[in-house]
Amino acid sequence: MSDISSNDESVAPIRNGNLIEVDDLSVGFDGQWILRDIDLKIAKGQTLSIIGESGCGKTVFMKTLIGLVKPTQGSVKFDHQDLAKLTDAQLAMIRRRIGFVFQNAALFDSMSIFDNVAFPIRQNEHDVGEDEVCDRVMQHLSEVGLPTDITRRRPAELSGGMRKRVGLARALILKPELVVYDEPTTGLDPIMSDVINELILDTRRRYPVTSVVVTHDMHTARKVSDRVLMLFPRRRLDIHESQVLFDGSPSDLEHAEDRRVRQFVRGEAGDRIREMASEAS
Ligand SMILES: Nc1ncnc2c1ncn2[C@@H]1O[C@H](COP(=O)(O)OP(=O)(O)OP(=O)(O)O)[C@@H](O)[C@H]1O
């Protein structure tokens with residue numbers, strides 16, 4: 001599955017190889033497996049969405065991919081480097097190559113919009129002068145469709161959609177090789193959600209970034225992804241079943257062989273109400 005290329009011919013060409021390689025990954029907390037025996041390769045330039053019901057382990061998986069959670073078993077390699085074997089300094093170098101778009105935008109409330117977007121440059125590129133910082137901040141704000149006259153405002157003075165776009169501008173300002181989006185459209189109206197989807201696509205058109213999108217929003221998963229991965233809660237699977245219920249293109253989702261995948265993408269509860277009642281008892 002790792003060689004699926006982008007579904008859009010206008011995008012920047014993909015470099016060869018995989019950016020991320022997950023081998024036999026298991027993660028457990030307090031004696032309970034959340035992720036079990038997962039293998040995955042993410043090709044450079046690919047946009048992968050991770051879907052699945054609440055609690056199935058999407059966030060834990062995403063954090064494991066970027067070294068924020070350590071595997072209990074197995075390994076995660078970023079550009080051939082095993083994250084668990086790196087020193088803190090080496091891990092910090094890898095993180096410079098990753099942009100994060102957090103669910104709540106995670107802006108610094110006490111800083112202006114300008115300083116928020118400039119923050120990664122000032123932290124990581126000490127020899128860059130203020131004129132260049134200013135040019136790059138303005139360019140990135142305009143790329144996400146924000147007027148440059150908001151730069152002196154504080155995050156609290158902006159709408160949720162504007163804050164998300166500031167978060168996106170900040171995540172992209174170092175031109176990361178990997179961008180991780182955590183629920184990028186949650187809490188936004190349908191139009192603003194689609195603005196964010198378009199910005200994810202625009203970013204990929206501009207340069208061959210690799211993207212991982214954790215989302216509940218099927219419209220986002222269908223629109224922005226080359227590839228969709230659906231996880232299922234480990235505790236509800238039979239022992240020999242794979243936790244990855246689906247791994248393929250968005251267009252194949254509707255016709256997935258597994259009933260649980262079809263129910264999820266169509267938003268059908270199926271037997272879940274009865275199952276939840278028996279889980280609780
Ligand atoms: N640090 C931790 N310690 C213990 N348990 C954890 C930890 N992090 C996550 N979990 C558990 O792992 C499970 C999966 O959590 P995760 O946040 O990955 O789910 P999710 O699929 O992202 O859910 P949602 O869609 O609701 O955000 C949950 O049962 C959660 O309580």
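This passage walks through the domains, the nonpolar core, the ligand shell and two backbone features of a predicted model.

The chain is assigned two domains: domain 1 is built from residues 19-97 together with 176-272, and domain 2 covers residues 108-175. Taken over C-alpha atoms, the centres of domain 1 and domain 2 are 27 Å apart. Contact between the two involves 12 residues of domain 1 and 11 residues of domain 2. On the domain 1 side, helix α6 (residues 190-206) is the main contributor, giving five residues. That side of domain 1 is made up of nine nonpolar residues, two polar residues and one charged residue. In the UniProt record, an unreviewed entry, residues 20-258 are annotated as "domain: ABC transporter". This span is 35% helix and 25% strand, and 26 Å lie between its end C-alpha atoms.

Turning to the interior, nonpolar side chains tend to be buried together in soluble globular proteins. Here, the largest nonpolar core contains 61 residues. Both domains take part in this core, with at least three residues coming from each of domain 1 and domain 2. The residues with the most contacts inside the core are I50, V117, V166, A169, V179 and M230. For a closer look at one of them, I50 touches K58, F61, M62, V212, V214, L229 and L231, leaving aside residues up to four places away in sequence.

K58, a contact of I50, also appears in the ligand shell. Around the ligand are F29, D30 and I34, followed along the chain by G52, S54, G55, C56, G57, K58, T59 and V60. Helix α1 (residues 58-65) supplies the largest share of this shell, with three residues. By residue class, the shell holds four nonpolar, five polar and two charged residues.

Two backbone positions also deserve a look. Most residues other than glycine have a negative phi. D37, although not a glycine, has a positive phi of about 55°, and E183, likewise not a glycine, has a positive phi of about 45°. As for their settings, D37 belongs to strand β2 (residues 32-43), whereas E183 sits in the loop between β7 (178-182) and α6. D37 counts as partly exposed because it has 15 C-beta neighbours inside 10 Å. E183 has 19 such neighbours inside 10 Å and therefore also counts as partly exposed; a residue is classed as buried at 20 or more.

How values were computed
Residues are numbered from 1 along each chain as its sequence is written. This is a predicted model: local features need pLDDT of at least 70, side-chain atom pairs count only at pLDDT 80 or more; totals for chains, interfaces and linings use all residues. UniProt positions are given in the numbering used here, feature names are shortened, and annotations may be inferred rather than shown by experiment. Helices (H or I, at least four residues) and strands (E, at least two) are DSSP runs, numbered from the N terminus. A residue is near a molecule or strand if its C-beta atom, placed from the backbone, lies within 6 Å of it. Ala, Val, Leu, Ile, Met, Phe, Trp, Tyr, Cys and Pro count as nonpolar, Asp, Glu, Lys and Arg as charged, and the others, Gly among them, as polar. A nonpolar core is a set of buried Ala, Val, Leu, Ile, Met, Phe, Trp, Tyr and Cys residues joined through C-beta atoms within 7 Å. A residue is buried if 20 or more other C-beta atoms lie within 10 Å of its own, exposed if 12 or fewer, and partly exposed in between; C-beta atoms are placed from the backbone. Domain bounds come from an automatic or database domain assignment. Two residues are in contact if their C-beta atoms, placed from the backbone, lie within 7 Å.
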